[in-house]
Protein chains: 2
Amino acid sequence: MRKTIIVFGLLILGLLLLFQFSKYAVISGDLDSEFTIAIIAVVFFFVGVYLNKRSLQKRHSASEDIDHKKIKSLNISKREYEVLLGISEGLSNKEIGEKLFVSESTIKTHVSNLLSKLNAKRRTQALQKAKDFNII
Amino acid sequence: MRKTIIVFGLLILGLLLLFQFSKYAVISGDLDSEFTIAIIAVVFFFVGVYLNKRSLQKRHSASEDIDHKKIKSLNISKREYEVLLGISEGLSNKEIGEKLFVSESTIKTHVSNLLSKLNAKRRTQALQKAKDFNII
DNA sequence: AGTGGTTTGGTACTTTAGTATGAACTGATT
DNA sequence: AATCAGTTCATACTAAAGTACCAAACCACT
């Protein structure tokens, strides 16, 4: 946030300076008007590109980031979420158990709880719903 | 493609006209230079935004579009691909069969072939690999 | 110290997924 | 006409997934 303000401040300052400079240059005849206009055009072109990229980046990350609030509202615990990630990696219950250093039985319990919390009948359906909810 | 060329042609034409107009306006004194510069700045700002949005859209769709060549190179048939989509929707073999009006046995055959073609051990792993390959 | 939520793990069971194999039919290609 | 790839389906089997239920241990909170 602070960074954004600083960047914008410098940007506005630079543009004001550019305006004043170009006005002076045209009036005093040091530069011809076409050249000045070209500089202005190029500068604003890149300003447009930059600002647009910024806003798109924000929108992009917002649509891809994990919705932690949704996870909480679904009452999915930390461990259950780790199991969900294991499922999304295509692991079997046994493999998830080995990864998390617990037994397959434990994973089965977590999976069963996950399915009921996500209102899914299968792990593949859980994946599909989890994607819809932006929690993976 | 034709659309793009027309748009760019009109854009360049418009900019050239703007240049000529602004030069005339400044020389003849009908407009002051600040106003002209402001117009140029605004126009190029939006040109920058527009072009950037275009290029990002292309890049975006390229990363999300389905890689049909990859599907072919993996020797995945039309029917097998339909089954893969069923899996990605979280359907069971039986449900996929009902959707495609064939028996569960047929779906099992397709799934088994899919798994070997994708070098996966489970349907969830097939999903993960299919995403990596950008084929779903 | 007791409560509630989480994590762990077990047994016993049902359901679904996946493999292996064989076979018949279709449509396009040569 | 013969071949090949794709689709269909079946049987019989093994493996994995999922359910239901129970129980112990843990941690944070009041």
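In chain A, Leu84, Ile87 and Ser88 of helix α4 meet Arg123, Leu127 and Ala130 of helix α7. By class, that contact is made up of four nonpolar residues, one polar and one charged. Before I go on, a reminder that this is a predicted model.

How are the two helices arranged? Helix α4 of chain A covers residues 78–88 and helix α7 of chain A covers residues 123–132. They pack at an angle of about 105°, and their axes are 10 Å apart. Angles of 65 to 115 degrees count as roughly perpendicular, and α4(A) and α7(A) are therefore roughly perpendicular to each other.

Now to the DNA. Helix α4 of chain A comes up again here: α4 and α6 of chain A, together with α6 of chain B, each supply at least two residues of the surface near DNA strand C. In both chains, α6 is residues 104–117.

Which residues come nearest to strand C? There are 18 residues around DNA strand C, and those that come nearest are A:S77, A:S103, B:K108, B:S112 and B:R123. On the DNA side, sugar and phosphate account for 73% of the strand C atoms that come within 4 Å of the protein. As for the classes on the protein side, the surface near strand C has nine polar, six charged and three nonpolar residues.

Last, the phosphate contacts. B:S112, one of the residues that come nearest, has a side-chain N or O atom 2.6 Å from a phosphate oxygen of DNA strand C. From chain A, a side-chain N or O atom of A:T106 is 3.0 Å from a phosphate oxygen of strand C. For A:H110, the corresponding distance from a side-chain N or O atom to a phosphate oxygen of strand C is 3.1 Å.

Key: Residues numbered from 1 in each chain as written. Chains lettered and ligands numbered in written order. Predicted model: local features only at pLDDT ≥ 70, side-chain atom pairs only at ≥ 80, totals over all residues. Heavy atoms only, no water. Axes fitted to C-alpha atoms, helices over the stretch in contact; angles between N-to-C directions. Helix = DSSP H or I, 4+ residues; strand = E, 2+ residues; numbered from the N terminus. Parallel < 35°, antiparallel > 145°, perpendicular 65-115°, else oblique. Contact = heavy atoms within 4.5 Å. Nonpolar A, V, L, I, M, F, W, Y, C, P; charged D, E, K, R; others polar. Near = heavy atom within 4 Å. Polar contact = N/O pair within 3.5 Å; in protein donor to acceptor, adjacent residues only side chain to side chain.
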